[in-house]
Amino acid sequence: SSEKLIWTQILLLFPAMTDKTIYRKIFFSAAAYTGLKGFFALATTVCTILLIRALSPYEFGKFSLVSHLAMMSGLILSFGSSGTLAKFMPEYKEERSKARLASQALEISALGTLIFFALLALVLRLYPQFIPSEIKKVGPAFPLFILSIALFNVVQGIFRGTGRFLAWSALEGSAEIAARLLAIAFIFLLAKTFYSAFWAFSLSFAVFVLISLVQIRPLLDWHDLAIPKTVLRYGTLLFLGQIVFMLITSVDPILLRLLLKDPAQVGFYFAGIKIPRMLESLMLAPMSVPFVYYFSHPDTLHTRETIITFGTKMLGISCGLTALTLFAAAQDIVTLALGPGYAESVIVLRIYSALLFFVGLQSLSGSFFLAINKPQISIALGFCGFAIIALLDFLLIPTWKAAGAASATVIGSFIVTLAITAQLWRHGIKIARESLLLCLGLMLSMAVGYLTSFYYLAPISFALYVVLVGLLKEHDLAKIQKLWNKQNDYEQPAQDSPIL
């Protein structure tokens, strides 16, 4: 798994920095965390497939839109608490200081959510035409879900800030699975409609929020809202990042709904992107925290460029092969998993699979910019990506519908990848050649699949291309083999044998 590999690499690269026993504990903790996370991710995926099959594309589109808007609203209303608490709570030595910070995060999130509800009620009363009919249909379940998600994210930070990663993974995974199982039960017992599923999600997450609040109650100390400036600055930064994330992930479904007035297209879109997003969260999302530490450490400044160059190339190759495998198997995946009613999701999956490749090329850049105290670069490029995707949505959705929305996101991500590559070049990270060659290889391989109508040629073509143009050489394989051998022998790392 990616986290196991990363922590093994850190263990080997820093043999003299700290006590070996500490890193051994980190290694086992990360491995257990990743394994538990993978188990719940697989179980959640199975439950999600059953939920999609239980609803028609029309109803699933409505459910996906409302649940996505509620989740993004809840994420924003947590005000970056998850990452902020995870960073600063371990830095406080006094338990009272930790409790005070945790309580402040809960208070601010609850207060912000109440203000949001007041504004939402005002808009609903004065300008009801601006509120989607799906939100009006679910009624009180919408604000209940938003509040639950907001508090859920704050509690996540408290659990992580106190080192309870495995406990939180179990709680979060259980909540995700329970919500889907309850939704399936509501659909079959009450009505096969989106609001049955949405009410199930709202009630399930509300229950799990109450359970988690009971567990952390001894850790709270209600005091005041005088937040330290360093914490406030960091939280504001994460808050801006959450806004960028919300804009990029929400623009496609919102414009699909506004421009086409057809919830079924939203359903085809969300059904088609589920698997690429799941793989992205499993393969790439866990990398940010350990690599921020690695890139920030003064003892590793001389190897930072090598790590980013080699890591980006290998991620591009592995994510490219994975993306093209999804591209090739899209017809079989959608037909077998979702059924013939979601046939229009095949082209969405084929197009959106390329996003996994571009995110792979970008995945180390965010940690690098954060490590050199220039996170504004990532945020600015994120806003630019949103603007590009929104413009392309207006151009492509009227003609290509859900496939147009997927195309807009992939094209926007490609442009942002080029911009990130240019920024890395300005900061001394010379990966332009490798990145451009990999992008060219992905495009040529997809073209081979389309032109021959034998889509399984795409991953084969990409693998051959990578070898023929020299992106994967014998010494690269030797580095990977050395890392694998060191992983199996991590208890006694050799201090004179660098990995890269």
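## Asp-221 and its loop

Asp-221 sits in the loop that runs between helix H9 (194-216) and helix H10 (229-260). The model described here is predicted. With a relative accessibility of 22%, Asp-221 counts as partly exposed, because buried means under 20% and exposed over 50%.

Once neighbours within four places in sequence are set aside, Asp-221 is in contact with Arg-96, Ala-99, Arg-100 and Ser-103. Leu-101 belongs to that stretch of numbering too: its C-alpha atom is 8.4 Å from that of Asp-221, although 120 residues separate the two along the chain.

## Overall make-up

The chain contains 19 helices and zero strands. Of its 500 residues, 51% are buried. The exposed area is about 22,400 Å², and carbon and sulfur atoms supply 68% of that area.

Contacts across the sequence were also counted. Taking contacts between residues at least 6 apart in sequence, 82% join residues at least 24 apart.

## Nonpolar cores

The largest nonpolar core has 107 residues. The members that touch the most others are Leu-51, Phe-63, Phe-142, Ile-158, Phe-198 and Tyr-269. A second core, separate from this one, has ten residues, among them Ile-377, Leu-381, Ile-420 and Leu-424.

Which residues does Phe-142 contact, leaving aside its neighbours within four places in sequence? They are Val-66, Leu-69, Ala-70, Leu-120, Ile-135 and Phe-198. Phe-198 is thus in contact with Phe-142, and both are listed among the core members with the most partners.

Asn-153 is a residue of helix H7 (residues 141-161). Asn-153 is buried, its relative accessible area being 15%. Apart from residues up to four places away in sequence, Asn-153 touches Leu-75, Ser-78 and Ser-82.

## Aromatic pairs

The count of aromatic pairs is 24. In one of them, the ring centres of Tyr-269 and Tyr-352 are 6.3 Å apart and the ring planes meet at 85°, so the pair is edge-to-face. This pair links distant parts of the chain: Tyr-269 belongs to helix H11 (residues 263-283) and Tyr-352 to helix H14 (residues 345-362), 83 residues apart. Tyr-269 is buried at a relative accessible area of 1%, and Tyr-352 counts as buried at 4%.

Another edge-to-face pair is formed by Tyr-450 and Tyr-455, with ring centres 5.9 Å apart and planes at 85°. Tyr-450 has 36% relative accessibility and counts as partly exposed. Ring pairs also join Phe-60, Phe-63, Phe-142, Phe-145, Phe-152, Phe-198, Phe-201, Phe-205, Phe-268 and Tyr-342 into a cluster.

## Arg-350 over two rings

Over which rings does Arg-350 lie? One is Phe-327, where Arg-350 is over the face at 6.0 Å from the ring centre. The other is Tyr-455, with the charged end of Arg-350 placed 3.6 Å from the centre of the ring. Tyr-455 is also the ring partner of Tyr-450.

## Cysteines

How many disulfides does the model contain? The count is zero. A disulfide is a covalent bond between the sulfur atoms of two cysteines. Cys-47 is buried, with 8% relative accessible area, and Cys-439 is buried as well, with 3%.

## Loop residues

Two residues that are not glycines have a positive phi. For Phe-79 the angle is about 55°, and for Ser-453 the angle is about 60°. Phe-79 is located in the loop between helix H3 (57-76) and helix H4 (81-88), while Ser-453 is located in the loop between helix H17 (432-452) and helix H18 (457-468). Phe-79 is partly exposed, at 27% relative accessible area. Ser-453, at 54%, is exposed, because the exposed class begins over 50%.

Leu-364 lies in the loop between H14 and helix H15 (365-371). Is Leu-364 buried or exposed? Leu-364 is buried, with a relative accessible area of 3%. From C-alpha to C-alpha, Leu-364 and Ile-308 are 6.6 Å apart in space, while in sequence they are 56 residues apart.

Terms used. Residues numbered from 1 in each chain as written. Predicted model: local features only at pLDDT ≥ 70, side-chain atom pairs only at ≥ 80, totals over all residues. Heavy atoms only, no water. Core = buried A, V, L, I, M, F, W, Y, C linked by side-chain atoms within 4.5 Å. Buried < 20%, exposed > 50% of the residue type's maximum accessible area, 1.4 Å probe, protein only. Contact = heavy atoms within 4.5 Å. Helix = DSSP H or I, 4+ residues; strand = E, 2+ residues; numbered from the N terminus. Phe/Tyr/Trp six-rings, centres within 6.5 Å; stacked < 30°, edge-to-face > 60°. Lys NZ or Arg CZ within 6 Å of the ring centre and 35° of its normal. Disulfide = S-S within 2.5 Å. Areas by Shrake-Rupley, 256 points an atom, 1.4 Å probe, with all protein chains shown as cover.
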